[in-house]
Amino acid sequence: MPTIDELGRALQNADAAGDVEAAQMLATAIQDAQAQQPQAEGSGLAMNATAGINEGLYGTLGAPVDLVRGAMNMGIRGVNAATGADIGQIPSDSFMGSQWIGESLSGLSPALDPANTIADTTGEKVARGIGQGVGYTVAPQAAAGALVRGGQLSGQAAQSAGQILGRTESAGAVAGNAAIGGVSGGGASAAMDFVPEQWKPLAGLAGGMAAGTAGVAAAGVPGLARQGARAARDYAAPMTAKGRERMAGEALRSGTADPQAARQAINAGNLDILPGSKPTTFQATGDMGLGAMERTAATRRPDLFQQRRADQNAVRVGAMEGIERGGAPETVAAVVRSRLQQIDRATQDILDRATGAARGSADDLDRGMTPEDAGTSLRGSLEAARAQAKEAERALWNAVDPDGSLALAAEKTRQKAAEILGERPVSAKPPSPDEQAIYDVLDKYGDVVPFKELTALQSRLKTEMRQERLANGETPAYRRMTQINSAIEADLETAVAGKVAQEQQAVAAGQMNPKQTLEANFLRSVDAWKAGRAGEESRQSLGASAGPAGAARATAFPSASGGRGQGGGEFPNAPGNPGLSGDGLPSNFDEAALGRLNAAREATRDRVATFDNRQLGPIRRRPSTASPYDMQGATVAQRVFSPGPKGFENVQAYRKAVGDQGAMDALEGYAVDRISKAAMREDGTLDPGRLASWRKMHADALRAFPDLDRRIANAGAASETMARIGVQRKAALDAAQEGILGRLLKLDDPADIKRTVGAVFSAQDGVKRMRTIRQAIGDNKEAKQGLRKAVADYMAERFVGNTEAGTSGVGTMKSDTFQNFVRQNSFALSEAGFSGEEIKLMQRVAEDLQRANRSIASVRIPGQSNTAQDIMAASKGKITQTILDRMIAAVSGAGGFVVGNVGGGLAAYVGAETMMALRHAGLETIDDIVADALLNPARARILLTEPAKQAERGTLKMLARLYRQAAVSTAAVSADQNGRGKPLQIDVPWGGPPH
């Protein structure tokens with residue numbers, strides 16, 4: 001059957017292993033064992049007082065063994081914790097230990113074992129405490145006295161033992177020390193009976209000291225008692241709220257580098273850079289001493305400071321998230337696409353209107369005429385005009401000698417022919433047959449020949465002259481025929497002069513009216529003919545002839561007075577002029593006949609110059625009237641309407657020949673067709689570039705077509721406008737699809753849009769790009785919210801990491817990167833649609849991050865691991881440890897194990913148990929107050945302002961000497977109450993390094 005102690009140890013092991021079920025079972029077993037345990041013998045005040053004395057005696061006698069066992073068990077537990085081994089502990093009833101002594105003596109009488117005596121009532125507990133106080137006081141003193149008297153202790157060692165355990169020179173001194181010990185033990189027991197379980201050790205210490213003070217007063221040292229009371233109050237300060245705050249303030253001020261500057265910084269009130277983000281006192285003041293204390297406190301209580309950092313981080317993240325909670329990034333891309341569609345529609349509409357105008361201007365040029373059709377038309381008009389001119393020319397020739405009655409002397413012609421033939425060397429080349437035939441005809445002429453014969457001969461002569469010149473050039477034959485032609489002209493003029501002389505004689509004789517003379521009639525005819533020619537030329541120069549240019553040529557030269565006109569009437573001779581009969585024809589070729597002849601010749605020359613010139617002649621050329629033309633029809637139009645500097649000249653030559661009515665329509669049709677071929681596009685508009693090039697090539701020809709040129713210019717201008725609008729449309733569409741807008745057009749996923757918008761902030765021209773996006777989305781409310789949301793999401797993704805801040809569930813903001821981002825991108829953020837206040841909020845978040853970074857970097861050793869720094873700071877700056885050192889110094893002095901006797905063992909025991917009692921009693925709440933002040937500047941300001949009253953060093957020394965005796969018994973009693981009468985046992989738990 002396991003004992004209650006064994007069950008208790010098993011319960012501790014199960015609890016340490018985390019086996020809840022086993023721990024509950026063991027706890028139930030302990031309760032059952034306690035219920036079945038028989039009632040201890042000898043309960044009551046006397047028995048408890050005796051049991052208390054025995055505990056003191058056994059504890060003193062067994063102290064060496066208990067101390068060694070405790071030290072060895074502590075080492076065993078350390079080895080087990082470090083290696084995972086399971087080395088057994090030395091049992092508490094080991095030989096010559098306090099528990100072994102009690103159990104051994106219980107064999108003589110159960111009352112001799114304090115474990116068999118139980119204190120249930122308050123009186124019994126006080127009696128038990130008094131007995132313990134007496135035992136723990138007298139037993140060490142007796143042992144020390146015996147050692148001194150036996151010579152084992154002497155000199156300084158004997159003096160130290162007396163200082164620690166009390167003097168034993170007289171029975172009165174021993175009795176006084178016993179009284180003080182008893183009173184202290186009783187006070188400790190009484191105090192512990194009136195406080196909760198967790199405060200019992202500390203209450204026992206305070207109660208024992210207070211009771212010991214009263215004992216001291218009774219012993220005759222009231223002055224020291226008063227000082228001891230004050231020292232006791234100071235040492236008991238951690239038990240009261242005011243005392244704890246006083247000690248926390250002292251620690252805070254001593255650790256602050258400049259308390260006054262720290263208070264001023266807190267009083268300045270500039271604590272909440274970001275509303276809701278509460279700074280620590282160090283963050284608010286920048287005091288490096290407070291920074292070191294914060295680092296120490298954060299190492300001891302990381303939960304508090306991590307929570308503060310998590311709270312600050314949550315406020316920052318919440319502030320950034322609150323900037324834009326709504327909005328959808330995808331609306332940005334949707335609106336950009338919509339804007340592109342709007343630009344497309346708007347510019348297309350403008351382009352369509354311009355295209356319609358350009359097409360209309362092209363249509364204004366009328367329908368074109370193919371080169372073949374135009375050439376055929378132009379050649380037909382030319383043939384018709386020439387035929388008409390030829391007819392008029394023929395009529396003029398017929399009018400010269402309408403009835404064949406004209407005759408004239410050919411004396412000079414005959415003489416020239418005889419002269420030519422007579423002077424020709426025999427060795428010279430004879431005339432050609434055709435030339436010789438002409439000479440043969442002349443040889444047959446008489447003195448007077450018919451006019452028509454002479455003109456026929458002249459026509460034959462000119463034909464031969466042309467052929468000779470064309471074939472051989474100006475040869476002797478050509479020159480001979482030229483002389484014959486000149487002689488014919490001279491005979492014609494001589495005949496006219498003779499006729500004029502005859503009429504002048506008739507007029508002088510009164511036989512003829514001057515108005516009827518050949519000269520007068522000729523002059524009238526010449527005037528009329530010249531007037532007709534002048535009107536024709538005027539019409540041609542204006543380009544507004546009502547008919548073909550050759551129409552005026554049909555006007556016949558009027559016949560001379562008395563002659564027969566074109567209707568065949570007789571040409572009367574002048575009075576006295578003999579009639580023609582038989583072979584003896586008189587010479588009657590007068591001035592009128594010469595005028596008609598000249599008119600006919602002029603018509604012939606005009607026809608040749610107009611129709612048979614080098615420009616137009618080839619158009620009509622063909623082998624015979626039944627043969628095809630040498631020049632194809634498609635070439636005819638190009639010959640007339642030709643590019644280059646002679647274009648106007650060629651058009652005017654054709655217009656002169658056929659007139660505007662026959663020329664302009666076909667030429668314009670051909671020009672329009674050529675424009676269409678050169679510049680017309682499939683959409684019915686003209687290419688402005690090609691049109692301008694064509695127009696430049698035909699600029700000279702277009703001078704003859706001012707109206708057509710104007711219409712071409714209008715069509716060109718419309719096409720240029722259309723082209724310009726097309727270019728502008730393309731530029732607008734390209735601009736709407738290039739750069740950042742082009743990338744957004746291809747996106748639909750919000751995450752992609754977020755990353756694309758976020759990338760703007762890294763670009764050299766980020767402000768310009770963001771402005772481009774804002775201009776693209778215009779005043780669309782949803783798109784503006786979407787852009788803000790994209791930026792906000794980008795910042796959250798980039799600057800809020802995956803590492804959770806504390807247990808807040810919120811990622812930690814990246815301090816440096818966010819601060820740099822806000823500093824560098826305020827203008828871009830403004831372009832993204834964030835207001836000045838919102839940007840200031842981001843800047844406050846950055847400032848708050850910078851201030852909070854003081855806790856991380858300001859007191860950190862650069863370039864080194866700070867683990868050792870944190871451990872040392874936690875160890876050295878631990879307020880409870882500092883207080884504990886003072887308490888140990890006051891209680892146990894400098895002896896301890898150095899003395900090496902029973903008294904030194906008791907002192908070490910008292911120090912260890914006191915440290916544990918103070919810790920479990922809550923003295924560490926002072927550290928919590930300091931930590932709270934380091935977390936809350938307002939609390940720190942109060943603690944830094946209120947001065948704490950410090951105990952004087954002398955008081956502490958006197959209190960140490962006086963309370964050594966009381967502390968021994970008091971600490972033993974307060975530590976023994978939980979054991980319910982167990983013998984003294986020093987069992988220091990090992991829990992690893994200090995926290």
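Let me begin with the word "buried", which I will use for a residue with under 20% relative accessible area, and by that cut-off alanine 940, at 1%, is buried. Please keep in mind throughout that what you have in front of you is a predicted model.

Staying with alanine 940 for a moment, you will find this residue in helix H43, which covers residues 937–945. If we leave out residues up to four places away in sequence, alanine 940 touches Leu252, Ile266, Thr281 and Ala933. There is also a distance to look at here, since the C-alpha atoms of alanine 940 and threonine 280 are separated by 9.8 Å, although these two residues are 660 residues apart along the chain.

Threonine 280 brings me to arginine 308, because that threonine is among the residues that arginine 308 contacts once neighbours within four places in sequence are set aside, the others being Lys278, Pro279, Leu935 and Asn936. Arginine 308 itself sits in helix H15, residues 302–323. Now, what is the nearest side chain of opposite charge to this buried arginine? It is that of aspartate 311, at 4.9 Å, and arginine 308 has no salt bridge, because a salt bridge needs the nitrogen and the carboxyl oxygen to be within 4 Å. What the side chain of arginine 308 does reach is the backbone oxygen of leucine 935, at 2.5 Å.

Let me step back to the whole chain. The protein chain has 995 residues, of which 45% count as buried, and there are 44 helices and four strands in it. Among contacts with a separation of 6 or more, 75% are between residues 24 or more positions apart. As for the surface, the chain exposes about 48,700 Å², and carbon and sulfur atoms supply 54% of that area.

Next, the charged pairs. Side chains of opposite charge can pair when their charged atoms come close, and a search of the whole structure finds 38 salt bridges. I would like to show you three of them and then a network.

In one of these, the side chains of arginine 729 and aspartate 344 meet at 2.1 Å, N to O. Arginine 729 lies in helix H30, residues 706–737, and aspartate 344 lies in helix H16, residues 330–363, so this pair ties together parts that are 385 residues apart in sequence. Is each partner buried or partly exposed? Arginine 729 is buried, with a relative accessible area of 16%, whereas aspartate 344, with 32%, is partly exposed.

Another salt bridge joins the side chains of aspartate 673 and arginine 674, at 2.6 Å, N to O. Here aspartate 673 counts as buried at 10% relative accessibility, while arginine 674 is partly exposed at 24%. The side chains of aspartate 687 and arginine 681 also meet in a salt bridge, at 3.6 Å, N to O. In that pair aspartate 687 counts as buried, at 16% relative accessibility, and arginine 681, at 25%, is partly exposed. As for the network, salt bridges link Glu383, Arg386, Arg607, Asp612 and Arg620.

I will finish with one helix and two loop residues. Helix H19 runs over residues 433–444, and at 1.5 Å a residue its 12 residues should span 16 Å; the end C-alpha atoms are 17 Å apart, which agrees. Which residues of H19 are buried? They are Glu435, Ala437, Ile438, Tyr439 and Leu442. It may help, when you look at such a list, to recall that an α-helix has 3.6 residues a turn, so residues three or four places apart point the same way.

Methionine 96 lies in the loop between helix H4 (63–83) and helix H5 (98–105). Most residues other than glycine have a negative phi, yet methionine 96, which is not a glycine, has a positive phi of about 70 degrees. At 35% relative accessibility, methionine 96 counts as partly exposed.

The other loop residue is histidine 698, found between helix H28 (688–697) and helix H29 (699–702). Histidine 698 is buried, with a relative accessible area of 8%, and, not counting residues up to four places away in sequence, it touches Phe641, Ser642 and Pro643.

Conventions. Residues are numbered from 1 along each chain as its sequence is written. This is a predicted model: local features need pLDDT of at least 70, side-chain atom pairs count only at pLDDT 80 or more; totals for chains, interfaces and linings use all residues. Side-chain values use heavy atoms; hydrogens and water are left out. Helices (H or I, at least four residues) and strands (E, at least two) are DSSP runs, numbered from the N terminus. Buried means under 20% relative accessible area, exposed over 50%, partly exposed in between (1.4 Å probe, protein chains only). Lys and Arg count as positive and Asp and Glu as negative; His and the chain ends are not counted. A polar contact is a pair of N or O atoms within 3.5 Å; within protein, one must be able to donate a hydrogen and the other to accept it, and residues adjacent in sequence count only if both atoms are side-chain atoms. Contact means heavy atoms within 4.5 Å. Accessible areas come from the Shrake-Rupley method with a 1.4 Å probe; for residues, only the protein chains shown count as cover. The expected span of a helix is 1.5 Å times one less than its number of residues.
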